[in-house]
Amino acid sequence: MTALSLKDILIVDDTPDNLRVLDAILKSQGYKVRKALNGQIALNACQIAAPDIILLDIIMPGIDGYEVCRRLKADTITCEIPVIFISAIDDTMDKVKAFEVGAVDYIAKPFQEAEVLARIEHQLNLRSLQIKLQEQNTLLQQAFFDLKQAQIQMIQNEKMVALGQLVAGIAHEINNPINFIYGNLSPAIQYIHDLLYLIDVYQQDFPKPTPRIEKIINDLDLNFLKEDLLDIMGSMGRGADRIRQIVLSLRNFSRLDQSEIKRVDIHEGIESTLLILQHRLRETDARPTIQVIKEYGQNLPLVNCYPGQLNQVFLHLLNNAIDALQEGSKYERVGGGEDSRPRESANETFSGTSKGMLRPSPLPTIRISTELKDADTVKIRIADNGFGIPESVRASLFDPFVTTKPTGSGMGLGLAISYQIVVQQHKGKLICCSSPRQGAEFAIEIPVHQPQPY
């Protein structure tokens, strides 16, 4: 018994004698045989269980063999099944028609047993090789996809490492001089207080200064100078403290020392990313300042995650939101077309028809909200009130090289990488909701606790 002996063969013929003869021949070789007396029975049998090969008569009552073959080839379930016509018609045109409707071979009656077996075995071997080739193609396609994903991730990782190194380097270079300035501000302020105290005491003990000193006091406006000097020193102190906070945020964003899973405050990562993008939020010739509305959940737990990678996701999503608002402002200025209709009201406000979604507003706005969805899941939503994402794009939004931006404005890798980081690296979810003229919202859900890698 050969390897082909377990193959399932369906014989379709309206002549019982032909069915009995073919059944005996095939079963003697170990094949599993099913029989059908007409085309409709054959079609039904194929839907129940697809055979490995079909022997099909042409002239039958009701549905003839040609029509049966057409229907088989039009159905995704049965289109790959090899069909061999067996018919008493031996006309060349009939053979041509048989091949046109999808047959792989044609045997004229009366047939010879050896010929029938040889042709069936040949087609089964071809089908087996075809299946193996398809399997290899599938494996190759998957390998190619995995390689492409790895290359995309590698490129982005190199970019983020370079950015992280640049940010960390700048933070380090700023940190030393600002610490020097900040550390010396307190004694400098104390010295100024001492000098001002000395002047006050001197004026009390010598209330009648010389004309020369009197002129200098008036020229300097001493009383204003004393008040303003303390205000200036206070402003310098607050400015130095702000620079220290910026340096801390830059270091927090880069997180070069945190390539492993860490317990972190999600809000710190968002704030650090917003600081990096602060220059993009400011007013431009194309649009007013983008306002950022923060709705942070209370008592959000520390999350086990890869901080640097999660910051990449925040960076991509916020950058995309800013780009969408920038493009939306262009449409508003140009006018014309469905997406550039004037607003219904100059006072149209920032609100939503569904939780987290935004209506278009004259003021470009990004809303960031966080919440504890359940005991072990944190949800972060980043929404903008731009013109939304076309439905034709949403289905493939997280595929590599898919972008809604103009040519040359982006490679379409940001969302693909974000999806990898959230779904594959953090075992979470990344979902996009968007409606025309109601902006877009990206929701990130990640577990609070990550399984430790082995």
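Welcome to a quick tour of this predicted model, which opens with helix 2. Within helix 2 (residues 39-48), the buried residues are Gly39, Ala42, Leu43, Ala45 and Cys46. Because they cover an arc of only 160 degrees around the axis, they sit on the same side of helix 2. The chain as a whole has 12 helices and 12 strands, and buried residues make up 40% of its 454 residues. Among contacts with a separation of 6 or more, 68% are between residues 24 or more positions apart.

**Helix 2 and its surroundings**

- The buried residues of helix 2 pack against three strands and a helix, namely strand 1 (8-12), strand 2 (32-36), strand 3 (53-56) and helix 3 (65-74).
- Where helix 2 starts, Asn38 brings a side-chain oxygen to within 3.1 Å of the backbone nitrogen of Gln40.
- A good residue to click on here is Leu10, which lies in strand 1.
- Leu10 counts as buried, because its relative accessibility is 1% and the cut-off for buried is under 20%.
- From Leu10 to Cys46 there are 36 residues in sequence, and the C-alpha to C-alpha separation in space is 8.5 Å.
- Not counting residues up to four places away in sequence, Leu10 touches Ala42 and Cys46, and also Arg34, Lys35, Ala36, Pro51, Ile53, Ile54 and Leu55.

**Helix 3**

- Helix 3 has its own set of buried residues: Gly65, Tyr66, Val68, Cys69 and Leu72.
- Seen down the axis, these buried residues fall within an arc of 160 degrees, so they line one face of helix 3.
- Packing partners for the buried residues of helix 3 are helix 2, strand 3, strand 4 (83-87) and helix 4 (92-100).
- At the start of helix 3, the backbone nitrogen of Tyr66 has a side-chain oxygen of Asp64 within 3.3 Å.

**Nonpolar cores**

- As general background, nonpolar side chains tend to be buried together in soluble globular proteins.
- In the largest nonpolar core, which has 40 residues, those that touch the most other members are Ile266, Phe314, Leu317, Ile366, Phe442 and Ile444.
- Elements that each supply at least two residues of this core include helix 8 (266-276), strand 8 (303-305), helix 10 (307-334), strand 10 (377-384) and strand 12 (440-447).
- Helix 10 gives the largest share of this core, with nine residues.
- Beyond four places in sequence, the residues that Ile444 touches are Val313, Phe314, Leu317, Val378, Lys379, Ile380, Val422, Lys429 and Leu430.
- There is also a second, separate core of 22 residues, with Leu43, Leu72, Phe85 and Ala103 among them.

**Two buried polar residues**

- Asp105 belongs to strand 5 (residues 105-108) and, at 10% relative accessibility, counts as buried.
- The side chains of Asp105 and Arg119 make a polar contact at 2.8 Å.
- Leaving aside neighbours within four places in sequence, Asp105 is in contact with Val83, Ile84, Phe85, Phe99, Arg119 and Gln123.
- Ser369 is found in strand 9 (residues 365-374) and is buried, with a relative accessible area of 7%.
- Outside its neighbours within four places in sequence, Ser369 is in contact with Glu295, Lys379, Ile380 and Arg381.

**Cysteines**

- If you are wondering about disulfides, the structure holds zero.
- For Cys433, the closest cysteine sulfur is that of Cys432, and at 6.5 Å it is too far for a bond.
- The cut-off behind that reasoning is 2.5 Å between the two sulfur atoms.
- Cys433 is partly exposed at 37% relative accessibility, whereas Cys305 is buried at 0%.

**Aromatic pairs**

- Searching the whole structure turns up two aromatic pairs.
- One of them joins Tyr202 and Phe206 in a tilted arrangement, with 5.1 Å centre to centre and 35 degrees between the planes.
- Tyr202 is partly exposed, with a relative accessible area of 43%, and Phe206 is also partly exposed, at 49%.

Technical notes: Residues are numbered from 1 along each chain as its sequence is written. This is a predicted model: local features need pLDDT of at least 70, side-chain atom pairs count only at pLDDT 80 or more; totals for chains, interfaces and linings use all residues. Side-chain values use heavy atoms; hydrogens and water are left out. Buried means under 20% relative accessible area, exposed over 50%, partly exposed in between (1.4 Å probe, protein chains only). Helices (H or I, at least four residues) and strands (E, at least two) are DSSP runs, numbered from the N terminus. The arc is that of the directions from the helix axis to the C-beta atoms. Contact means heavy atoms within 4.5 Å. A polar contact is a pair of N or O atoms within 3.5 Å; within protein, one must be able to donate a hydrogen and the other to accept it, and residues adjacent in sequence count only if both atoms are side-chain atoms. A nonpolar core is a set of buried Ala, Val, Leu, Ile, Met, Phe, Trp, Tyr and Cys residues joined through side-chain atoms within 4.5 Å. Rings of Phe, Tyr and Trp (its six-membered ring) pair if their centres lie within 6.5 Å; planes under 30 degrees apart count as stacked, over 60 as edge-to-face and the rest as tilted.
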